[in-house]
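Me: I am new to this structure. Could you take me through it in short steps?

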Amino acid sequence: YDLIYIDGDHTAVGVLRDAVDADRHLKVGGIMAFDDYTWSAGGSPLLDPKPAIDAFLHIYGDKYELQGMNAQVWVKKVA
């Protein structure tokens, strides 16, 4: 794929699962976008997307270049 937009399941586990699955299908040069980076359900951080997005970027950071980070996070696959 050229573009994958991750939105829907806002739990940390769900977002991380979606990101890892998406990585397998995104071509080099493609864009992955995460929605709701700053959104919070309140309570446990495991109910929020941010910890999963941060973990994905930490683990897969050598394969991605950050394009923008605010309420959404946009990265470009470089390897």
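Reply: Start with one pair in a helix. This is a predicted model. Lys50 and Asp54 both lie in helix H2, with four residues from one to the other, about one turn of the helix. Their side chains meet in a salt bridge, N to O, at 2.9 Å.

Me: Are Lys50 and Asp54 buried, partly exposed or exposed, and what are the values?
Reply: Partly exposed covers the range between 20% and 50% relative accessible area. Lys50 has 37% relative accessibility, so it counts as partly exposed. Asp54 falls in that class too, at 29%.

Me: How many salt bridges does the structure hold?
Reply: The pair Lys50 and Asp54 is one example. Asp21 with Arg24 is another. The count for the structure is five.

Me: Why are Asp21 and Arg24 separated by about one helical turn?
Reply: Look at helix H1, residues 12-25. Asp21 and Arg24 are both in helix H1. They are separated by about one helical turn because they are three residues apart.

Me: How far apart are the closest N and O atoms of Asp21 and Arg24?
Reply: Asp21 is partly exposed, at 31% relative accessible area. Arg24 is exposed, at 60%. A salt bridge needs the nitrogen within 4 Å of the oxygen. Here the closest N and O atoms are separated by 2.6 Å.

Me: Which parts of the chain does the pair of Asp23 and Lys63 link?
Reply: The side chains of Asp23 and Lys63 form a salt bridge at 2.8 Å, N to O. The two residues are 40 residues apart, so the pair links distant parts of the chain. Asp23 sits in helix H1, and Lys63 in the loop between helix H2 (50-60) and strand E3 (64-69).

Me: Is Asp23 buried or exposed?
Reply: Lys63 counts as partly exposed, at 22% relative accessibility. Asp23 has 5%. Buried means under 20%, so Asp23 counts as buried.

Me: Which residues are linked with Asp23 in a network of salt bridges?
Reply: Asp23 and Lys63 already meet in a salt bridge. The network also takes in another lysine. Its members beside Asp23 are Lys63 and Lys77.

Me: Where does Ser44 lie, and which backbone nitrogen is 3.1 Å from its side chain?
Reply: Ser44 lies in the loop between strand E2 (31-34) and H2. It is partly exposed, with a relative accessible area of 32%. A polar atom of its side chain is 3.1 Å from the backbone nitrogen of Leu46.

Me: Why is the pair of Phe56 and Tyr60 called stacked?
Reply: A search of the whole structure finds four aromatic pairs. In the pair of Phe56 and Tyr60, the ring centres are 4.5 Å apart. Planes under 30 degrees apart count as stacked. The planes here are at 20°, so the pair is stacked.

Me: Which residues form one aromatic cluster?
Reply: Phe56 and Tyr60 both lie in helix H2, four residues apart. Phe56 is buried, with a relative accessible area of 0%. The cluster is formed by Phe34, Phe56, Tyr60 and Tyr64.

Me: How compact is the protein chain?
Reply: The chain has two helices and four strands. From the N terminus they run β-α-β-α-β-β. The globule rule gives 12 Å for 79 residues, and the radius of gyration is close to that, so the chain is as compact as a globular protein of that length. The radius of gyration is 12 Å.

How values were computed:
Residues numbered from 1 in each chain as written. Predicted model: local features only at pLDDT ≥ 70, side-chain atom pairs only at ≥ 80, totals over all residues. Heavy atoms only, no water. Buried < 20%, exposed > 50% of the residue type's maximum accessible area, 1.4 Å probe, protein only. Polar contact = N/O pair within 3.5 Å; in protein donor to acceptor, adjacent residues only side chain to side chain. Phe/Tyr/Trp six-rings, centres within 6.5 Å; stacked < 30°, edge-to-face > 60°. Rg over C-alpha atoms; globule rule 2.2 N^0.38 Å.
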